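Thanks for coming. I will go through one structure, strand by strand and then residue by residue, so please keep the view open in front of you.

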Amino acid sequence: MKLDHNKIKTLGQLKASGYESKGIKDELRENLLEKIANGEETFHGVWGYENSVIPELERAILSRHNINLLGLRGQAKTRLARLMVQLLDEWIPVIEGSEVHDDPFQPISRFATELIKEKGDETAVNWIHRDERFYEKLATPDVTVADLIGDIDPIKAANLKLSYADDRVIHFGMIPRANRCIFVINELPDLQARIQVALFNILQEGDIQIRGFKLRLALDLQFVFTANPEDYTNRGSIVTPLKDRIGSQILTHYPESIDIAKKITKQEAQLDSRQSDNIHVPEIAMDVLEQISFEARKSEYVDAKSGVSARMSITAFENLLSTAERRMMKSSEKNTTVRLSDFMGVIPSITGKIELVYEGEQEGAGSVAEILVEDSIKSLFPSYFPEISKLERKDAETVYDDLIHWFFDGEGFDLLDEDSDKEYRAKLDAVVPLNDLLREHQPEVLKEDSYFMKELLLWGLVAHKKLSKQRFTQGYQFKDLYGSYIRGL
């Protein structure tokens, strides 16, 4: 039943309207069932979970469970919890002035019950929107029971001239104040064990205990916890009895394909309109960008237990466009296309997002980031050009021979970071075998993407040890592997 909340201001009017109160878990369940029946999307903007996490989350909601989302960083755990708000009723009534969102038909606080006794049907009613019914707390070692549940407030006792034996001196913590709301505790293992124990009664019986007071506040809450796997952090773990009281534990995961990863990155990246309008990003460039994360998750230099957040690709994409934008402005151009050499601008986004093992520390974060970029190119190279075998006969001919000989017979060439588009294209066009290879193996490539593809060819041959690439202050130099050495003999 849809009510006009603007017209219902008292308890009497609420009774006359035919409104029926319900618990938050029933509220979520009924609205979810309605969305499923109507074929509506339940968790908008979350990609890659359609056949794994989202069905499990829907089953947990239908079962009226408190939920623990368990997974590595950057797997949309908090985003899923926040999207649950859209499954709540748009408006619900509360007793005006209540600290704990008292249901007018089922008040739980002393304040609300005494107010209804005094004013009856004239008791004032407020309406709160579902967007206000989301509470979130990051679990840190300094969180106390008083923060979450409450404590005696000596200042309140003094102002009201009340004894500490009077329950009106209680100051409610975050959880009672989130009554009839979704309450999220992020990074649950970081919460001290004794604080986790304080949640037992709330999860099982729905009531709270503060100091010596025997309160029976029948709280109505939907708890959602998020946690990394226990072996990720040395700071703590979820105590077993608390696990036992959480209805459903749902395992999240990283995107399983580059296409899904690209959707997430494009959706989440914070771009200026001048970047999105004036900078063309070849689709192959997005593939290379996302492949970096896939390479990092299996790299021998990166700690797999720590995970590689989806935020790495998002910030790398932002940095990539900023690199192209800076180059475009320095060249006084109005638009440009992302180059493969622009990927050196994403190194800072990678170094801050990966946890290195000992071997990675020895290499250095910057070197590992460059290795990941090159590994990404090497993995994608066979999707666009003939594969280069690891073992070849000494006299075996390959489709890349003409290009390799071009570098062998010449001095190589330089690609500068701040070359204008005209200079950049002229340099690549001057390598005739490069143009021939592109025409033969990628005849349908878009003109604006063709220069990125040419660079991919060069970087791919470097990754397969067919050419050499050296970084200098202003750009890259591509040369043959052995020609200069042989000529010097």
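I start with strand E9, residues 248-251, where the side chains alternate. Ser-248 and Ile-250 point to one face and are buried, while Gln-249 and Leu-251 point to the other and are not. Buried means under 20% relative accessible area, exposed means over 50%, and partly exposed lies in between, with a 1.4 Å probe and protein chains only. Strands, labelled E, are DSSP runs of at least two residues, and helices are H or I runs of at least four, numbered from the N terminus.

Some housekeeping before I go on. This is a predicted model, in which local features need pLDDT of at least 70 and side-chain atom pairs count only at pLDDT 80 or more, while totals for chains, interfaces and linings use all residues. Residues are numbered from 1 along each chain as its sequence is written, and side-chain values use heavy atoms, with hydrogens and water left out.

Back to E9. What does E9 pair with, and in which sense? The partner is E1, in the parallel sense, over four bridges. Two strands count as paired if DSSP finds at least two bridges between them. Opposite Gln-249 in E9 stands Asn-68.

Next is strand E12, residues 413-416, where the side chains also alternate. Phe-413 and Leu-415 point to one face and are buried; Asp-414 and Leu-416 point to the other and are not. E12 pairs with strand E14, residues 475-480, in the antiparallel sense over four bridges. Which residue in E14 is the bridge partner of Phe-413? That is Phe-478.

E14 has another partner, strand E13, residues 467-472, again antiparallel, over six bridges. E13 and E14 form a hairpin with two residues between them. In this pairing, Phe-472 stands opposite Gly-475 in E14.

Now the aromatic rings. How many aromatic pairs does a search of the whole structure find? It finds 13. Rings of Phe, Tyr and Trp, taking the six-membered ring of Trp, pair if their centres lie within 6.5 Å; planes under 30 degrees apart are stacked, over 60 edge-to-face, and the rest tilted. One pair is Phe-407 with Phe-413, tilted, at 6.0 Å centre to centre and 40° between the planes. Both of these residues are buried. For Tyr-424 and Tyr-451, the centres are 6.4 Å apart and the planes are at 50°, so this pair is tilted. Tyr-424 lies in helix H20, residues 421-429, and Tyr-451 in helix H22, residues 447-463, so the pair ties together parts that are 27 residues apart in sequence. Tyr-424 and Tyr-451 are both buried. As for Phe-413, it belongs to one aromatic cluster with Trp-406, Phe-407 and Phe-478.

Two arginines also lie over rings. A charge sits over a ring if NZ of Lys or CZ of Arg is within 6 Å of the ring centre and within 35 degrees of the ring normal. Arg-245 lies over the face of Phe-200, 4.5 Å from the ring centre. Arg-297 lies over the face of Tyr-254, at 4.0 Å.

Helix H20 also holds Asp-421. Is Asp-421 buried or exposed? Its relative accessibility is 10%, so Asp-421 counts as buried. The side chain of Asp-421 makes a polar contact of 3.0 Å with that of Thr-336 and one of 2.8 Å with that of Arg-339. A polar contact is a pair of N or O atoms within 3.5 Å; within protein, one must be able to donate a hydrogen and the other to accept it, and residues adjacent in sequence count only if both atoms are side-chain atoms. Beyond four places in sequence, Asp-421 is in contact, meaning heavy atoms within 4.5 Å, with residues including Arg-327, Glu-333 and Asn-335.

Last, the backbone. Most residues other than glycine have a negative phi. Ala-76 has a positive one, near 65°, and is placed in the loop between strand E1 (67-70) and helix H4 (77-83). Ala-76 is partly exposed, because its relative accessible area is 27%. His-101 is not a glycine either, and its phi is positive, about 50°. His-101 is found in the loop between strand E2 (91-95) and helix H5 (110-119), and is buried, at 12% relative accessible area. Ser-332, which follows H15, has a positive phi near 60°.
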